[in-house]
Amino acid sequence: RAAHAALRELGLAPGERIGILSENRPEWAITDFGCLTARLVDVPIYPTLPARQMQYILHDAGVRVLFVSSLVQLAKILEIRAELPALTKVVLFDEAPRPDGVESFTDFLAGGAAAEARYPDWEAAARLATPGDPATLIYTSGTTGNPKGVMLSHGNITSNVVSSLSVLDIRADDECLSFLPLSHIFERMVGHYVMVYAGVLI
């Protein structure tokens, strides 16, 4: 709820892009759910990519807000930030000294928590998403030229989650090891959405 409110406070319109540049960690999931409930489109970025490839993806997607895991990843973004005119905010997951213009995730969530009362409709607002609305924009690694952005809708992901649970014997007392990167749609769909929906500990 705090992440949802913090994103709403930025005045972003449904469908605008949010980037997540991070290894697997709870903050990835919190940002993702905050983004989806605010009907924004998240763009996951592999943390193994070099800065120039990140610059292409972030520019092509028109990412407005970027969540970054660590100072190592932040250094890549600072190298290319001048070439990203659409990027208005960078938020750092790690608690570490930050340069001016970079907000800590703790402060981001605190601002959202303070604003929650302005968004009592947060769940109703999330339910306004339709199956055809875009949920995420994933860039393929590709072998021909620049990466291609693949748009997946809420319906695309939901149908896979429901279908998976109809054939996998997953129970709420199970535990799941998060192994593949969450930037990969298989891990995100099976190791994240399916498990959370089924009440599994990740």
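1. Two strands count as paired if DSSP finds at least two bridges between them, and the strands themselves, like the helices, are DSSP runs numbered from the N terminus (E, at least two residues, for strands; H or I, at least four, for helices). On these terms, V65 stands opposite K89 in β4, and 4 bridges join strand β3 (residues 63-68) to strand β4 (residues 89-92), the two running parallel.

2. The model is a predicted one, in which local features need pLDDT of at least 70 and side-chain atom pairs count only at pLDDT 80 or more, whereas totals for chains, interfaces and linings use all residues. Residues are numbered from 1 along each chain as its sequence is written, and side-chain values use heavy atoms, with hydrogens and water left out.

3. Strand β4 also pairs with strand β5 (residues 102-104), to which 3 bridges join it in a parallel arrangement; within this pairing, V90 has V102 in β5 as its bridge partner.

4. Together with helix α4 (residues 71-80), β3 and β4 make a right-handed β-α-β unit, where right-handed signifies that, with the strands pointing away from the viewer, the path from the first strand over the helix to the second runs clockwise.

5. Turning to the whole protein, there are 8 helices and 7 strands, and the C-alpha trace spans about 50 × 50 × 30 Å along its principal axes.

6. Buried residues, meaning those under 20% relative accessible area with a 1.4 Å probe and protein chains only, make up 45% of the 202 residues. Of the contacts (heavy atoms within 4.5 Å) between residues at least 6 apart in sequence, 65% join residues at least 24 apart.

Notes
Buried < 20%, exposed > 50% of the residue type's maximum accessible area, 1.4 Å probe, protein only.
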